Amino acid sequence: MERIEPARSTAEARRAAVIERAVAVFARNGYHATPVADVAAAAGISQAYVFRLFDGKLGLFTAALEHCYARIADALRKGADKAGGGSPAEVLEAMGDAYADLIADRDLLMMQVHAQSVADIPEVLAAMRRGYAAVVSLTYTLSGANRDQVQHFMAMGQLCHLIAALDLDSVDATWARTLTKGMRHVPTPPRSTRASGQGDT
């Protein structure tokens, strides 16, 4: 007789749904400027229920941040799979492409940016350290790369953040082209007001 696995509890499923909404809400205004009521409204539940699921706003924010790191790890695994057992450099390139695709999701990108801005909060700092530790360890494991290669890979990831956050692909100036040279990014959605270069040099 086939064993039927128990379904996730309603609370667990709702927690996952709230985390998804929290990433988008915190990505807009950051930690301090986002009331829990905004996340509750986006999730279609009461603020009181959010507090039943999470240990306050800080617990909700760190859960959302951990969700982002889990998505990053999943993207890196998929990128490595596409490389099909290539050299460390080839695997890292495929993983980098997968990450570039991932942060086309501006919510995920800005959630990480906002987390860095409140890294003075011990719980956020601890969550970020855990997240980066997991990503670095996974990069070693998936790619077989050495320390210098992994360091360069992580540095390029931070440069990707800068390029995507500032939409530098749309800036036609030497300083911007210097930063974007050789970097592949998924085009960002059009904005109502596009950034412009402050003169070329």
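This is a short walk through the structure above, from its confidence scores to a helix, a pocket and two single residues.

The model is predicted, so local features need pLDDT of at least 70 and side-chain atom pairs count only at pLDDT 80 or more, while totals for chains, interfaces and linings use all residues. Residues are numbered from 1 along each chain as its sequence is written, and side-chain values use heavy atoms, with hydrogens and water left out.

Let's start with confidence. pLDDT is the predictor's confidence in each residue, from 0 to 100. The protein chain averages 88, and 87% of the residues score at least 70. Residues 1–7 stay under 50, and the model gives them zero contacts (heavy atoms within 4.5 Å) beyond four places in sequence. Residues 190–201 also stay under 50, yet for them the model has 18 such contacts.

Next, find α5. Helices here are DSSP runs of H or I with at least four residues, numbered from the N terminus. The 15 residues of α5 should span 21 Å at 1.5 Å a residue, and its end C-alpha atoms are indeed 21 Å apart; the expected span is 1.5 Å times one less than the number of residues. Among its buried residues are V91, L92, M95 and Y99, where buried means under 20% relative accessible area, exposed over 50%, and partly exposed in between (1.4 Å probe, protein chains only). The buried residues of α5 pack against α4, α6 (106–117), α7 and α8.

Now look for empty space. The largest pocket holds about 550 Å³. A pocket is an open set of points on a 1 Å grid over the protein atoms alone, where a 1.4 Å probe fits, with protein on both sides within 12 Å along at least five of seven lines; lining residues have an atom within 4 Å of a point. Of its 25 lining residues, the closest to the centre are L92, G96, F153, M156 and G157. Two or more lining residues come from each of α4 (56–83), α5 (88–102), α7 and α8 (147–165), and α8 gives the most, with nine.

Finally, meet two residues. T139 sits in helix α7 (residues 122–143) and counts as buried because its relative accessibility is 0%. Leaving out residues up to four places away in sequence, T139 touches L76, L92, M95, G144, V150 and F153. S87 lies in the loop between α4 and α5 and is partly exposed, with a relative accessible area of 31%. S87 and S143 are 56 residues apart in sequence, but 7.6 Å apart in space, C-alpha to C-alpha.

Methods: Points joined across faces, edges and corners; volume = space filled by probe spheres on them.
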